[in-house]
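Biologist: Please take one part of this model and look at it closely. I want the contacts, the distances and the setting.

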Amino acid sequence: MPKKPIRVDMLARRKHLAAEICLSHSLRIQERFLTMAVYRDAGTLALYSPILNEVFTEEIFHRARREGKKLVFPRVHGEDLVFVEVRSRRELVPGAFGVLEPEGQDLVAASELDVLLVPGVAFDLCGHRLGYGKGFYDRALGRQGRPSQVIGLCYELQLVQRLPAEEHDVCLDLLVTEERCYAFGPAVSALDSCQH
Ligand code: ADP
Ligand code: MG
């Protein structure tokens, strides 16, 4: 199946998730991520500002800030994303597509990130990710290089058997859902640190 109908179907399914389910699943997903060695060992993490029932990231933000980690958020810059350091959530302001974006100027290249957390519309169990169709993360990582770990956050509802993957699509190292975490490629050993 081509990407577009999968996007349309999955966006409709996620839209109908009740707010309290999004919240409780998001808490479980974030708690699971926060128990993992990839989080513990990370000095610099990129988060995202959720829209349209994407998995929330506030818990990770607050814990990581308390623990002195460096946090960055993406900002749309033409066809690219730049990753900008954020010290307080007040530094996030409405930007492209209604997403809260950082207003600062302390840029970090994607290749310098220990962990990049990505939202997505759909994911499969081979580590493929489907976005909204603009390819921002694919292009940013293509230009700036790959972070040490690219980790998707999603609800089990967003998993599909097989996504059509193209050459430019970024592959995930890990995917964290409310039920478990999935590891792909060389990250499989990281499963040891997941809570099931
Ligand atoms: P999404 O990842 O948002 O689901 P796609 O993977 O379908 O979207 O990518 C959308 C478009 O972005 C592609 O058709 C391609 O033209 C462009 N694109 C993605 N990655 C790159 C890249 N590394 N270099 C140039 N163009 C890219
Ligand atoms: Mg893509």
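Modeller: What follows is a close look at the surroundings of ligand 1 and ligand 2.

This is a predicted model: local features need pLDDT of at least 70, side-chain atom pairs pLDDT 80 or more, while totals for chains, interfaces and linings use all residues. Residues count from 1 along each chain as written, chains are lettered from A and ligands numbered from 1 in written order, and side-chain values use heavy atoms, without hydrogens or water.

Start with ligand 1. Its shell holds 13 residues, each with a heavy atom within 4 Å. Among the closest are Arg 7, Gly 131 and His 168. Asp 138 and Asp 169 also belong to that closest group. By class, the shell has 7 charged, 4 polar and 2 nonpolar residues; Asp, Glu, Lys and Arg count as charged, and Gly as polar.

Now the polar contacts (N or O pairs within 3.5 Å). Each of these three involves an oxygen atom of ligand 1. The side chain of Arg 7 places an N or O atom 2.8 Å from one. Asp 138 has a polar side-chain atom at 2.9 Å. Lys 134 uses its backbone instead: a backbone N or O atom sits 3.2 Å away. On its own, ligand 1 exposes 570 Å², and the protein buries 67% of that (Shrake-Rupley method, 1.4 Å probe). Three elements give two or more residues to the shell: α1 (3-15), β9 (129-130) and α5 (136-144). Helices are DSSP runs of H or I, at least four residues; strands are runs of E, at least two.

Turn to ligand 2, the magnesium ion. Its protein donors are Asp 138 and Asp 169, both through OD atoms, at 1.9 to 2.1 Å. Asp 138 belongs to helix α5, while Asp 169 falls in the loop between β11 (159-160) and β12 (174-176), so the pair ties together parts 31 residues apart in sequence. Donors here are N, O and S atoms within 2.8 Å of the metal (3.2 Å for Na, K and Ca); water is absent, so the site may look incomplete.

How covered are the two donors? Asp 138 is buried, with a relative accessible area of 12%. Asp 169 is also buried, at 12%. Buried means under 20% (1.4 Å probe, protein chains only).

The two ligands share residues. Asp 138 gives the 2.9 Å contact to ligand 1 and is a donor to the magnesium ion. Asp 169 is among the closest residues to ligand 1 and is a magnesium donor as well.

Technical notes. Polar contact = N/O pair within 3.5 Å; in protein donor to acceptor, adjacent residues only side chain to side chain. Buried < 20%, exposed > 50% of the residue type's maximum accessible area, 1.4 Å probe, protein only.
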